[in-house]
Amino acid sequence: MNCSQLIKDDRKFCFEFYRNKYFFEKLLNRKINLKRPHIDIPTQEQNYIAICPGAKDNFRRWSASNFAELCWRIHCLFESKFEFRIYGNDSDKSAAITISQTSSCKWID
């Protein structure tokens with residue numbers, strides 16, 4: 001027996017969130033007051049620029065020197081108001097090292 005047989009829902013198209021909400025409203029026999037999924041994430045005002053130098057295919061990768069140059073230009077244009085962060089996995093490590101070593105910006109890897 002699948003879940004659609006437990007509680008009948010005549011709507012043809014419905015996002016999974018709303019299907020689950022409807023299911024639990026019927027199961028619990030009470031209205032659930034959620035308009036949409038929401039996660040409270042504390043906001044912190046930070047000025048940083050994220051660099052993601054990796055790509056699955058080599059031909060899609062922008063060179064580390066181009067990233068370094070772009071970040072240096074942003075650094076100069078905005079008078080050092082940004083912290084620069086490099087994100088990626090182990091395969092992006094060499095690019096991250098090259099970027100951070102060839103640019104005078106403050107980096108967090």
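In this predicted model, Lys-21 makes contact with Lys-31, Ile-32 and Leu-34, once its neighbours within four places in sequence are left aside. Lys-21 belongs to helix α2, and with a relative accessibility of 16% it counts as buried. Another residue of helix α2 is Phe-24. At a relative accessible area of 39%, Phe-24 is partly exposed. Not counting residues up to four places away in sequence, Phe-24 touches Asn-29 and Ile-32. Ile-32 is thus a good residue to look for when following this part of the chain, as it appears among the contacts of Lys-21 and also among those of Phe-24. For a sense of scale, the C-alpha atoms of Phe-24 and Ser-91 are separated by 44 Å, with their positions 67 residues apart along the chain.

Asn-29, one of the residues touched by Phe-24, sits in the loop that runs between α2 (16–28) and β1. Its relative accessible area is 71%, so Asn-29 is exposed. The backbone of Asn-29 also deserves a glance: phi is near 60°, a positive value in a residue other than glycine. By way of background, most residues other than glycine have a negative phi.

The next feature to find is the sheet. Three strands make up an open sheet, in the order β1-β2-β3, and their pairing is parallel. Strands β1 and β3 form the edges, each pairing on one side only. In general, the strands of a sheet pair through backbone hydrogen bonds, in either a parallel or an antiparallel sense. Here, β1 (residues 48–51) joins β2 in the parallel sense over four bridges. Within this pairing, Tyr-48 stands opposite Glu-83 in β2, and Ile-49 stands opposite Phe-84 in β2. On the other side, β2 and β3 pair, again in the parallel sense, over two bridges. Phe-84 stands opposite Trp-107 in β3.

How are the side chains of β1 and β2 arranged on the two faces? In a regular strand, side chains alternate between the two faces of the sheet. Along β1, Ile-49 and Ile-51 point to one face and are buried, whereas Tyr-48 and Ala-50 point to the other face and are not. Strand β2 (residues 83–86) is covered on both faces: Glu-83 and Arg-85 on one side are buried, and so are Phe-84 and Ile-86 on the other. Helix α4 lies across β1, β2 and β3, and runs at about 160° to β2.

Helix α4 also packs with another helix. Two packed helices are described by the angle between their axes and the distance between the axes. For α3 (residues 64–77) and α4 (residues 93–102), the axes come within 8 Å and cross at roughly 40°. This angle makes α3 oblique to α4. The crossing of α3 and α4 is right-handed. On the α3 side, the contact involves Ala-64, Phe-67 and Ala-68, which meet Ala-95, Thr-98, Ile-99 and Thr-102 in α4. By type, the residues of this contact divide into five nonpolar and two polar, with no charged ones.

Two further residues help to fill in the surroundings of α3. Glu-69 has its place in helix α3, where its relative accessibility of 38% makes it partly exposed. The C-alpha atoms of Glu-69 and Ile-51 are 12 Å apart, while 18 residues separate the pair along the chain. Ile-51 is one of the buried side chains of β1 described above. The other residue, Ser-103, lies in the loop between α4 and β3 (107–108). Ser-103 is buried, with a relative accessible area of 7%. Leaving out residues up to four places away in sequence, Ser-103 touches Ala-68 and Trp-72. Ala-68 has already been met as one of the α3 residues in the contact with α4.

Terms used. Residues numbered from 1 in each chain as written. Predicted model: local features only at pLDDT ≥ 70, side-chain atom pairs only at ≥ 80, totals over all residues. Heavy atoms only, no water. Axes fitted to C-alpha atoms, helices over the stretch in contact; angles between N-to-C directions. Parallel < 35°, antiparallel > 145°, perpendicular 65-115°, else oblique. Left-handed = near helix turned anticlockwise from the far one by under 90°. Contact = heavy atoms within 4.5 Å. Nonpolar A, V, L, I, M, F, W, Y, C, P; charged D, E, K, R; others polar. Buried < 20%, exposed > 50% of the residue type's maximum accessible area, 1.4 Å probe, protein only. Pairing = 2+ DSSP bridges.
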